[in-house]
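Please walk me through this structure, starting with one helix and what surrounds it, and then turning to its aromatic rings.

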Amino acid sequence: MVNRSGASRLPSTPRTPVAPTCVIVGHGVMGRMQRAKLAELGVRTVAVVDPGQAGTVLGSGVPVVGSLDEVPSPRSVALWSVCTPTAEHAAAFRQIARLAPRADVIVEKPVCLPQDVPEMCRTLDSHRGRVSVDELYLSSAVPEAVAEAVLSVPGATVTRVVVEMTKHRGLDTARGRFEDRALGALGYEGPHLLAVLDALGRLLGVSLAPASPAVCGFDGAWGADGSPPQDGAEVSYRAADGCEVVLRTSLVGRTRYRTQRSIPYGSRRRHRVLEVDATDREGRVWTVLGAFAPTGLRDRDGGTLAVLRDRLPLAPPQAVHDDPLGRHLRRILRYFAGAGPNPAPARHCTGHVALLHQWVSVARAAAADRAAERPAA
């Protein structure tokens, strides 16, 4: 699926490299991370929009304003990055398109809430700049290493793919970090899980999209308003070639993968794993394990790769240097400069949101059926 935002109006030849100025909209965890990484890539932040920090000046001299309308000379800013809570993405993008109709825009994942997809698509249709989503796992080196290892197996047939992303979000929640009431636990790591699948499928040359009805379950209690649980979720289905796909996430540190220990409250440790099981032409079973950076926000560059045959490791795990955010933002900047393809088209990412919403609906219906079957008290 192609992001049509501005595609028919912009020249096909490379432009002058993207102007080295940007505005960060939302200065929470991801806003701060993006600002730091963009600075490493030569992009200078000239303003931050964050009502909670309005009137302050950051240590680097960057002013913080309370609204998009307060950004000085908005049409002179070539790059805007939307890092607000998901519920504000569509409205923020609409305002940016009004203030700077030719600006390039990065939108943090998930691109928007399910109910905001129509509005997001309308703005994409009218906006004349380029738009890309900060879905960094589309640019991770770990799926690349896993795919290379799988493709080196003679006559490999992929039989199972498992992606798990687990952390303990309790401290973030206690500090006021937003909660996704539309997608629940799937609103945080769900887009990442689908991005890893997208990247792996593209590298292997296969489709890992659902070809059978998915089974989806959540950990925790459903809200009285029908909002999905926040603790965790698991989705499983079959792809077109019969491959089993399992997607798992926990936001309370309950790892379900092999013998990994749980992650305690307050820990910055992450458990992010891609496992591919395959058989070769002689019937031997291969397992390729790719682990994304296991620790928190300041140490995201160290992944590992392990290959097993008939459950026995062929060699010690290999280090995989991986800077997914830096790699992804670099690809986005190349796209904005007209020097490469869009690494994360916004319309494609709205498809991810729609799929996650579909799985939430499946789980909600199953939970309602179970509740109806319980005997009355």
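Two residues are in contact when heavy atoms lie within 4.5 Å of each other. The model is a predicted one, and the walk begins at helix H3, residues 117-126. Six names make up the buried part of this helix: Val117, Glu119, Met120, Cys121, Thr123 and Leu124. The cover over these buried residues of H3 includes helix H2 (89-99), strand S6 (131-134) and helix H8 (346-373).

Next come the aromatic rings. Searching the whole structure turns up 4 aromatic pairs. In one of them, the ring centres of Tyr137 and Phe292 are 5.1 Å apart and the planes stand at 90°, so this pair is edge-to-face. Tyr137 belongs to the loop between S6 and helix H4 (141-151), while Phe292 belongs to the loop between strand S12 (285-291) and strand S13 (302-309); the pair therefore ties together parts that are 155 residues apart in sequence. Tyr137 and Phe292 are both buried.

Phe218 and Trp222 form another pair: with centres 5.5 Å apart and planes at 70°, the rings are edge-to-face, because planes over 60 degrees apart count as such. Is each of these two residues buried or partly exposed? Phe218 has 13% relative accessibility and so counts as buried, the limit for that being under 20%. Trp222, with a relative accessible area of 25%, is partly exposed.

One further ring has a charged partner. Arg130 is placed over the face of Tyr335, 5.5 Å from the ring centre.

Technical notes: Residues numbered from 1 in each chain as written. Predicted model: local features only at pLDDT ≥ 70, side-chain atom pairs only at ≥ 80, totals over all residues. Heavy atoms only, no water. Buried < 20%, exposed > 50% of the residue type's maximum accessible area, 1.4 Å probe, protein only. Helix = DSSP H or I, 4+ residues; strand = E, 2+ residues; numbered from the N terminus. Phe/Tyr/Trp six-rings, centres within 6.5 Å; stacked < 30°, edge-to-face > 60°. Lys NZ or Arg CZ within 6 Å of the ring centre and 35° of its normal.
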